[in-house]
Amino acid sequence: MSRSLFVAALLAATACSAEPQAGNAASDSTAATAGKPFVETVVADFDAPWAMTFLPDGRMLVTEKDGRLLLVSADGKVRQTIATLTVDSAGQGGLMDVVLAPDFAQSKRVYLSWSTTGAGGKGVVLARGVLDEANPGAAKLSQIQEIFRATPFVEGNGHYSGRIAFSPDGQYLFFTNGERQKFDPAQDPKATLGKVLRLTPDGKPAAGNPLAAKGFHPAVWSYGHRNLLGIAFDAQGNLWEQEMGPKGGDELNLVLPGRNYGYPKVSNGDHYDGRPIPDHAPGDGFEAPKVSWTPVISPGGLMIYSGNLFPQWKGDAFIGGLSSKALVRVDLDGTNARKGDQWDMGARIREVEQGPDGAIYVLEDGAQGSQGRMLRLTPAR
């Protein structure tokens with residue numbers, strides 16, 4: 001079917017009351033670019049946005065790196081700051097992912113991740129709150145509580161990861177913890193760093209995780225990962241994850257329970273200081289990526305398309321490209337994948353989401369020349 005300890009200077013930050021929204025000029029923001037099968041419409045302009053999600057009525061929640069959570073109207077013209085979280089926003093840190101609970105219609109629960117300081121250094125935390133709109137025009141996220149934190153906390157400002165996805169049945173929460181540019185924790189069974197975790201919705205390690213009996217942290221679902229900046233389920237229930245490789249070797253992985261994805265023992269890239277890393281090879285005991293990129297795309301958010309507006313891409317994966325300033329499409333076919341299109345977006349793309357109408361929404365990350373805009377992509381006519 002068509003269809004995420006290096007030298008700090010080399011691993012510099014990659015981000016990541018109601019009022020009329022400044023910088024939103026929808027009337028002059030629509031452009032069709034030659035060679036692209038979609039039209040780009042500017043919906044809104046933010047200050048270093050990191051993630052977004054849609055409410056059932058078409059409004060949006062958007063996170064900004066400095067700790068603000070915004071409630072944005074469906075047309076992008078009005079926003080409210082509904083929470084300001086205390087985050088450590090140095091380097092790649094900040095307020096990160098935002099995802100609705102599977103029972104949001106009843107519970108109004110919203111899940112968030114952010115980086116913070118604590119004993120030992122810094123790390124990523126998972127939290128949840130309740131969207132309170134009892135006072136019209138003065139919505140807020142209330143009852144905010146931290147429910148899980150990565151372990152251990154370490155020094156440094158990179159590779160937090162912090163992506164969230166619920167299983168299709170709503171019973172489990174999958175949470176990505178990056179290896180924090182420390183290499184070895186990805187293989188350390190006691191650390192959550194460099195892992196995909198499976199939790200209950202209240203942040204506890206889920207019963208029956210595949211490696212607990214082998215002495216791993218009880219939350220670990222898979223390990224040997226680097227910087228996991230996208231995670232999503234497809235319509236068949238397969239879990240996909242993308243991560244930044246080192247110097248080369250960005251990856252799209254099919255995440256399977258208990259598997260070791262190899263980092264830093266194997267990778268299709270090498271260390272930034274020039275030291276080689278053995279490539280993935282058949283029979284090496286590690287799970288190889290389904291797709292890898294060298295030169296890198298620096299993958300940001302991940303979305304599996306399920307809408308009808310672009311029927312030719314139904315079931316495909318879409319990845320935001322940071323250093324590549326691209327929107328990347330991958331053909332998914334069951335548990336197989338192959339490279340599709342890579343469109344030049346002229347800006348670092350941090351997040352990709354599907355709108356209620358099937359349009360594709362992307363967020364520029366607001367760093368290194370990107371403006372921080374939200375763009376809506378619809379078919380070119």
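Colleague: Where in the protein is confidence lowest, and where is it highest?
Modeller: We're talking pLDDT, the predictor's confidence in each residue, from 0 to 100, and strands here are DSSP runs (E, at least two residues) numbered from the N terminus. At the low end, with a mean of 32, sits strand β1 (residues 19-20). At the high end, at 99, is strand β14 (residues 195-199).

Colleague: What is the average pLDDT of the protein?
Modeller: This is a predicted model, so local features need pLDDT of at least 70 and side-chain atom pairs count only at 80 or more, while totals for chains, interfaces and linings use all residues. Residues are numbered from 1 along each chain as its sequence is written, and side-chain values use heavy atoms, with hydrogens and water left out. A score of at least 70 is reached by 91% of the residues, and the protein's average is 92.

Colleague: Over which residues does pLDDT stay under 50?
Modeller: The model does have 92 contacts (heavy atoms within 4.5 Å) beyond four places in sequence for that stretch. Still, where pLDDT is low, the predicted coordinates should not be read in detail. The stretch under 50 is residues 1-29.

Colleague: Which strands stand at the edges of the β12-β13-β14-β15 sheet?
Modeller: That open sheet has 4 strands with antiparallel pairing, where two strands pair if DSSP finds at least two bridges between them. Inside it, β13 (residues 173-177) and β14 are joined by 5 bridges, with leucine 173 opposite leucine 199. Each edge strand has a single partner, so one side of each lacks a neighbour in the sheet: these are β12 (161-166) and β15 (220-223).

Colleague: By how many degrees are neighbouring strands turned in the β16-β17-β18-β19 sheet?
Modeller: This is another open, antiparallel sheet of 4 strands, and its edges are β16 (227-233) and β19 (291-293). The angle is taken between axes (lines fitted to C-alpha atoms; angles between N-to-C directions run from 0 to 180 degrees). On average, direction ignored, neighbouring strands are turned by 15 degrees.

Colleague: Which residue in β18 does glutamine 242 stand opposite?
Modeller: β17 (residues 239-244) and β18 (residues 250-254) run antiparallel and share 4 bridges. Across from glutamine 242 is leucine 252.

Colleague: Which turn residue of the β22-β23 hairpin has a positive phi?
Modeller: β22 (residues 326-333) and β23 (residues 336-344) are antiparallel, joined by 7 bridges, and aspartate 333 faces asparagine 336. There are 2 residues between the strands. The one with a positive phi, about 65 degrees, is glycine 334.

Colleague: Why do phenylalanine 174 and tryptophan 221 form the kind of pair they do?
Modeller: Rings of Phe, Tyr and Trp (its six-membered ring) pair if their centres lie within 6.5 Å; planes under 30 degrees apart are stacked, over 60 edge-to-face, and the rest tilted. Both residues are buried (under 20% relative accessible area; exposed is over 50%, partly exposed in between, 1.4 Å probe, protein chains only), phenylalanine 174 at 4% and tryptophan 221 at 13%. The centres are 5.6 Å apart and the planes at 85 degrees, so the pair is edge-to-face.

Colleague: Which residues form one aromatic cluster?
Modeller: Take tyrosine 305 and phenylalanine 318, an edge-to-face pair with 6.3 Å between centres and 70 degrees between planes. Tyrosine 305 is buried at 1%, phenylalanine 318 at 0%. The cluster consists of Phe38, Tyr305, Phe310, Trp313, Phe318 and Trp343.
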